[in-house]
Amino acid sequence: MNFTDQFPLLEKYTYLDTASSGLLSQRQVNWRRVHDQTFFEQGSLFRLTQAAFLHDVKATIAKFFNAKTENSFLIPNFSFGFNTLLEGLPGGQRFLLLTEDYPSVNYAIETRGHTCEYITMAEQLEERIIDHIKTQKPTVFAFSLVQYVTGVKLSLEFVKDLKALFPDLLIIADGTQFCGTTAFDFEASGFDVFMASGYKWMLAGYGNGFMFLKDEIASRLFTEARKRPSPTEQFLQSKSLLSVYFEPGHLDTLNFGTLKQSILYFEELGMGLISQQTQSLSEKAKAAFTERGLLTKFVAQRKDHSTIFNLALSIEKYQKLLAADIICYPRGSGIRLAFHFFNTEADLAKLLDVLSN
């Protein structure tokens, strides 16, 4: 399929930087134009239906990821949601983290003075996680499902198995570099808490994200606040305690409406097609990168990988990529590339051709 009608930038550039920022589609731009024109014309009258509008957005997101609407929350980004969640967890937690994970995960925990233990990103990763939990018994495992620098991914099957092995372990994940690449069923997953920003693989622009909770953890958050009186203002009567914390103040109908438009587009395309395209292209890219010695041994030998790759390239080679209108970005010790459903085998062929010269 050709997606240049929705993403005209693809006519000029080979866009391999979704791991930094997704693209807005033409249909989203059109929707946003109508949204703002209506706001311009109606002023405060435009916001009279915002509560119903935002509830519809939440219901759409919850249905798309099979989460309970009452346990789903609209957040401006992962970092806000995660920091708020940490404030609501019962005290005395011991966190298991992955080294070199996204700072919004590790830094937020470390700076609150929690006890932290770490698993290095190296061979036998899953086996070492299980062994550590067996022997050290942390209470929380918090991590990015897909690592933002290397693209290393913990599979949904592994997380589900982990929850079965350690049912009392609280499993919290950042899905920002995952959501939008394949279908995901939250209720059937091993996660207790799952959240993501929408501006990357969800192609939803900035200022929107979402959080899902399983029933058990939802009932355990902000226990002290539950002992205090709820707000008495009439306009807050419809908000649950968790909504007061995770969805405070005014929510932006433009940003969250854009996220809904993305989901409607994904549903129209079909997550089966999106998953097939991203997986097929990523597998071919991994094989080509491995053959050329551009991946670390750890990444090259892993059976499953994400849509993100970090290649061992010089700055000179990176400049050649930019000169060839290939958009990518340095991360860590290499150059990070990412493939979404709008990328093609021709994009991969062009990339490999530049890398070969």
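A nonpolar core is a set of buried Ala, Val, Leu, Ile, Met, Phe, Trp, Tyr and Cys residues joined through side-chain atoms within 4.5 Å. The exercises below apply this to a predicted model.

**Exercise 1.** Find which residues touch the most other members of the largest nonpolar core.

*Solution.* Start with the core itself: it holds 84 residues. Next, look at contacts among its members. I129 and F289 touch the most others. Now take I129 and set aside residues up to four places away in sequence. What remains is L96, L98, I119, F141, L154, F158 and L162. Finally, look beyond this core. Another one, of 28 residues, lies apart from it. Its members include A108, A218, A225 and L242.

**Exercise 2.** Decide how compact the protein is for its length.

*Solution.* First, list the elements: 13 helices and twelve strands. Then compare sizes. The radius of gyration is 21 Å, and the globule rule gives 21 Å for 357 residues, so the protein is as compact as a globular protein of that length. Along the principal axes, the C-alpha atoms fill a box of roughly 70 × 60 × 35 Å.

**Exercise 3.** Work out what share of the residues is buried, and what share of the contacts spans 24 or more positions.

*Solution.* Buried means under 20% relative accessible area. Of the 357 residues, 53% are buried. For contacts, keep those with a separation of 6 or more; residues 24 or more positions apart account for 68% of them.

**Exercise 4.** Describe the accessible surface and the charges.

*Solution.* The accessible surface comes to about 16400 Å². Carbon and sulfur atoms own 53% of that area. Now count charged side chains: 35 are positive and 39 negative. The centres of the two sets lie 2 Å apart.

Note on methods:
Residues numbered from 1 in each chain as written. Predicted model: local features only at pLDDT ≥ 70, side-chain atom pairs only at ≥ 80, totals over all residues. Heavy atoms only, no water. Helix = DSSP H or I, 4+ residues; strand = E, 2+ residues; numbered from the N terminus. Rg over C-alpha atoms; globule rule 2.2 N^0.38 Å. Buried < 20%, exposed > 50% of the residue type's maximum accessible area, 1.4 Å probe, protein only. Contact = heavy atoms within 4.5 Å. Areas by Shrake-Rupley, 256 points an atom, 1.4 Å probe, with all protein chains shown as cover. Lys, Arg positive; Asp, Glu negative; His and termini not counted. Charge placed at Lys NZ, Arg CZ, Asp CG, Glu CD.
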